[in-house]
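Here is a report on one protein chain, written for someone meeting a structure like this for the first time. Keep the picture beside the text as you read.

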Amino acid sequence: MEKICCILFMMVIGCLSSELVYTDCNKNQHVLHVNSASLSPYPPKIPGNLTVSGQLELGKNISGNIKLEVSIHKKELFLWIRVPCVSGVGSCTYDFCSLLTSNFVSNGEVSCPSEMKAQNLSCTCPIQAGTYTLKPVVIQIPKMSGIMSDLMSGEYKVDAKLVNKDTGEQLGCYHVEITLDHSCSGFGCILG
């Protein structure tokens, strides 16, 4: 579940803020397109509450042999360093539908988060073509130890591509630039 939360968190943040730099880099027709977006506060604070909402359009059904390629780079001083794939988190390639199934299906029962259920949003494949609206939802970003909070905060560039592995068709692509911040300040940050 942590993997899907981290991935979705980065994708949601990347797609849902007019204050972020994000670009639709899909070369084909817009199979996946963000129509509107909102994220508050910006930059997101670790820990803290993050309110997200938005609307996206799917021009075709998503199912089958779909991969999600995620590449994350973090700015350290003046260099952009690639965040490696560690334990399935970071710059990784995922089987998109299997990832959803492994996180939202248990004993054959689909268990979508209540916010998604309430809005009739699918959390497993197939995902039907159509317009999907996410009404404002508050996500709690958990507290991390002082060093982890410091490691997570900073400037990031994220590239995410959704590709049909059977046909090679790129279903969606976004390039995102985001800043994450931690909530503490002063001597308290040193102690975590």
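In this predicted model, His73 has Lys157 in strand 11 as its bridge partner. That pair belongs to a longer run of pairing: strand 5 (residues 66–76) and strand 11 (residues 154–164) are joined by nine bridges and run antiparallel.

Strand 5 has further partners. Strand 7 (residues 93–95) is antiparallel to strand 5 and connected to it by three bridges. Here you can look for Lys67, which stands opposite Asp95 in strand 7. Strand 6 (residues 79–82) also runs antiparallel to strand 5, with four bridges between them. In this pairing, Glu76 faces Leu79 of strand 6 as its opposite residue.

How do strand 5 and strand 6 connect, and what is special about Leu77 in the turn? The two strands form a hairpin with two residues between them, and Leu77 has a positive phi of about 60°.

**Around the hairpin**

Stay with Leu77 for a moment. Together with Phe78, Leu79 and Ile81, Leu77 forms a nonpolar patch on the surface, and the four share about 490 Å² of accessible area. Leu79, which sits in strand 6, has a relative accessibility of 45%. Buried means under 20% and exposed means over 50%, so Leu79 counts as partly exposed.

Now compare a residue of strand 5. Is Ile72, found in strand 5, buried or exposed? Ile72 has a relative accessible area of 8%, so this residue is buried. Which residues touch Ile72, if we leave aside its neighbours within four places in sequence? The contacts are Ile81, Arg82, Val83, Gly90, Ser91, Tyr156, Lys157 and Val158. Two of these names have come up before: Ile81 belongs to the nonpolar patch, and Lys157 is the bridge partner of His73. Val83 deserves a look too, as its C-alpha lies 5.5 Å from that of Ile72, while the two residues are eleven apart in sequence.

As you trace these strands, one general idea may help. In a regular strand, side chains alternate between the two faces of the sheet.

**The disulfides**

Next, find the cysteines. A disulfide is a covalent bond between the sulfur atoms of two cysteines. The structure holds four disulfides, and the table below gives details for some of them.

| Disulfide | Sulfur atoms apart | Torsion about the S-S bond |
|---|---|---|
| Cys25 and Cys173 | 1.9 Å | about -80° |
| Cys85 and Cys92 | 2.0 Å | about 105° |
| Cys97 and Cys125 | 2.1 Å | about -80° |

The disulfide of Cys25 and Cys173 is left-handed, because its torsion is about -80°. This pair links distant parts of the chain, with their positions 148 residues apart: Cys25 is in the loop between strand 1 (21–24) and strand 2 (32–40), and Cys173 is in strand 12 (residues 170–182). Cys25 is partly exposed at a relative accessible area of 25%, whereas Cys173 is buried at 3%.

For Cys85 and Cys92, the torsion is about 105°, so this disulfide is right-handed. Here, too, the partners fall into separate classes: Cys85 is partly exposed, with 41% relative accessibility, and Cys92 is buried, with 5%.

Why is the disulfide of Cys97 and Cys125 called left-handed? The torsion about its S-S bond is about -80°, and that makes it left-handed. Cys97 lies in helix 2 (residues 96–104) and Cys125 in the loop between helix 3 (114–118) and strand 10 (130–141), so the pair ties together parts that are 28 residues apart in sequence. Both Cys97 and Cys125 are buried.

**The whole chain**

Finally, step back and view the protein chain as a whole. How many helices and strands does the chain have? There are five helices and twelve strands. The chain has 192 residues, of which 38% count as buried. The chain exposes about 10,600 Å², and carbon and sulfur atoms supply 57% of that area.

Contacts offer another view of the chain. Take those between residues at least 6 apart in sequence: 65% of them join residues at least 24 apart. The disulfide of Cys25 and Cys173 is a good place to look for a link between distant parts of the chain.

Note on methods
Residues are numbered from 1 along each chain as its sequence is written. This is a predicted model: local features need pLDDT of at least 70, side-chain atom pairs count only at pLDDT 80 or more; totals for chains, interfaces and linings use all residues. Side-chain values use heavy atoms; hydrogens and water are left out. Buried means under 20% relative accessible area, exposed over 50%, partly exposed in between (1.4 Å probe, protein chains only). Contact means heavy atoms within 4.5 Å. Accessible areas come from the Shrake-Rupley method with a 1.4 Å probe; for residues, only the protein chains shown count as cover. Two strands pair if DSSP finds at least two bridges between them. Patches are made of residues with over 30% relative accessible area and no salt bridge: like charges are joined within 9 Å, nonpolar side chains (Val, Leu, Ile, Met, Phe, Trp, Tyr) within 5 Å. A salt bridge is a side-chain nitrogen of Lys or Arg within 4 Å of a carboxyl oxygen of Asp or Glu. A disulfide is a pair of cysteine sulfur atoms within 2.5 Å.
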